[in-house]
Amino acid sequence: MEPPERPVPGTGPGSGPGADPGDAARPVASAGTGARPGPGTTSWGVGDTAADKGADTGADANADTGAGAGAGAETDVDAEAAETWQLPSLSTGSWVVVSLAVAAVTVGVVFHLAMVFLHVAPSNTASKEYQSTVDSYVYPEFEQNWKLFAPDPLQSNIHVQARAQVRGADGKLQTTGWVDLTDLDLTGIRHTVAPSHTRQNELRRAWSFYTSSHGDNNTPNGVRGRLSQEYVQRIVESRFGPRLNGGDVVRVQARSATTAVAPPSWSDAKPDTATQYQETLWWSVATSGQENAS
């Protein structure tokens with residue numbers, strides 16, 4: 001085989017007047033192929049050495065290896081994130097307990113909303129049919145009213161007072177004096193930045209509920225009257241406790257002391273400012289809910 005012809009000096013690239021001497025050192029595409037190198041391929045000229053070819057091949061291999069490593073790292077991060085947000089596995093028994101708890105809360109909320117809706121809705125067939133059930137659930141803790149912007153507010157001071165009959169160790173009954181429960185509540189909220197809502201409203205609303213649902217001679221008006229009496233009695237019993245003055249509390253009694261607010265000097269109204277009292281019957285602590293006359 002004959003050796004390839006060498007280029008004649010002065011006839012190749014970089015020869016001739018005004019030519020760039022560096023052109024002779026640039027790689028030249030392989031003769032006779034006529035094809036351009038595609039993506040990812042390297043073109044070497046006739047004058048390239050084996051070291052140059054090896055360097056180019058190594059650079060391509062390193063680039064491909066780095067891209068593959070980057071893709072693998074991204075896949076690992078995605079898998080780790082998926083494992084991080086995965087819900088904790090629970091046993092079958094735990095899922096049953098959680099499901100039952102959610103169902104119980106849902107049923108309770110739906111029942112409460114239904115009772116309150118029937119209470120505040122206009123009179124209808126359902127509210128008439130289940131009126132006693134609705135009243136027993138709503139009163140007194142969930143009572144609804146629209147008196148926030150009353151055009152004629154109260155013009156009198158009402159204090160709820162109570163006393164108790166205590167049976168001592170010797171079996172004798174002792175009646176305590178009247179204790180002003182309203183005054184105790186006012187003392188607890190006066191000069192307080194965040195006063196207790198219970199001290200402000202519990203006793204006042206309970207007594208208002210009692211008087212509006214009782215007629216003359218402390219006669220209850222249906223279910224509302226009986227519920228209001230039980231409510232006031234529970235409050236009085238909780239204030240005194242089961243034992244008082246070294247004995248057992250066996251009966252309690254409540255009353256209201258109402259005093260009209262004095263009108264301003266420029267008013268022509270002249271109300272009676274004398275204190276008016278309204279007493280309940282004695283309520284037995286042992287048989288809650290029954291009224292016994294003293």
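In the predicted model, 5 salt bridges are present. Side chains of opposite charge can pair when their charged atoms come close. One such pair is formed by the side chains of Arg-199 and Asp-185, with a nitrogen-to-oxygen distance of 3.6 Å. This salt bridge connects distant parts of the chain, since Arg-199 belongs to helix 6 and Asp-185 to helix 5 (residues 181–189), with the two positions 14 residues apart in numbering.

Helix 6, which spans residues 197–212, also packs against helix 7 (residues 222–240). The two axes lie 8 Å apart and form an angle of about 145°, and helix 6 passes helix 7 in a left-handed crossing. On the side of helix 6, the contact is made by Glu-202, Leu-203, Ala-206, Trp-207, Phe-209, Tyr-210 and Ser-212. Helix 7 contributes Arg-224, Leu-227, Ser-228, Gln-229, Tyr-231, Val-232, Ile-235 and Arg-239.

A second helix pair consists of helix 2 and helix 4 (residues 131–138), whose axes come within 9 Å and cross at roughly 110°. Because angles of 65 to 115 degrees count as roughly perpendicular, helix 2 and helix 4 are described as roughly perpendicular to each other. Their crossing is left-handed. Phe-111, His-112, Met-115, Leu-118 and His-119 of helix 2 make the contact with Val-134, Asp-135, Tyr-137 and Val-138 of helix 4.

Helix 2 covers residues 92–120 and includes Val-102. Val-102 is also part of a nonpolar surface patch, together with Leu-90, Trp-95 and Val-98. The accessible area of these four residues together is about 360 Å².

Terms used:
Residues numbered from 1 in each chain as written. Predicted model: local features only at pLDDT ≥ 70, side-chain atom pairs only at ≥ 80, totals over all residues. Heavy atoms only, no water. Patch = residues over 30% accessible without salt bridge, like charges linked within 9 Å, V, L, I, M, F, W, Y side chains within 5 Å. Areas by Shrake-Rupley, 256 points an atom, 1.4 Å probe, with all protein chains shown as cover. Helix = DSSP H or I, 4+ residues; strand = E, 2+ residues; numbered from the N terminus. Axes fitted to C-alpha atoms, helices over the stretch in contact; angles between N-to-C directions. Parallel < 35°, antiparallel > 145°, perpendicular 65-115°, else oblique. Left-handed = near helix turned anticlockwise from the far one by under 90°. Contact = heavy atoms within 4.5 Å.
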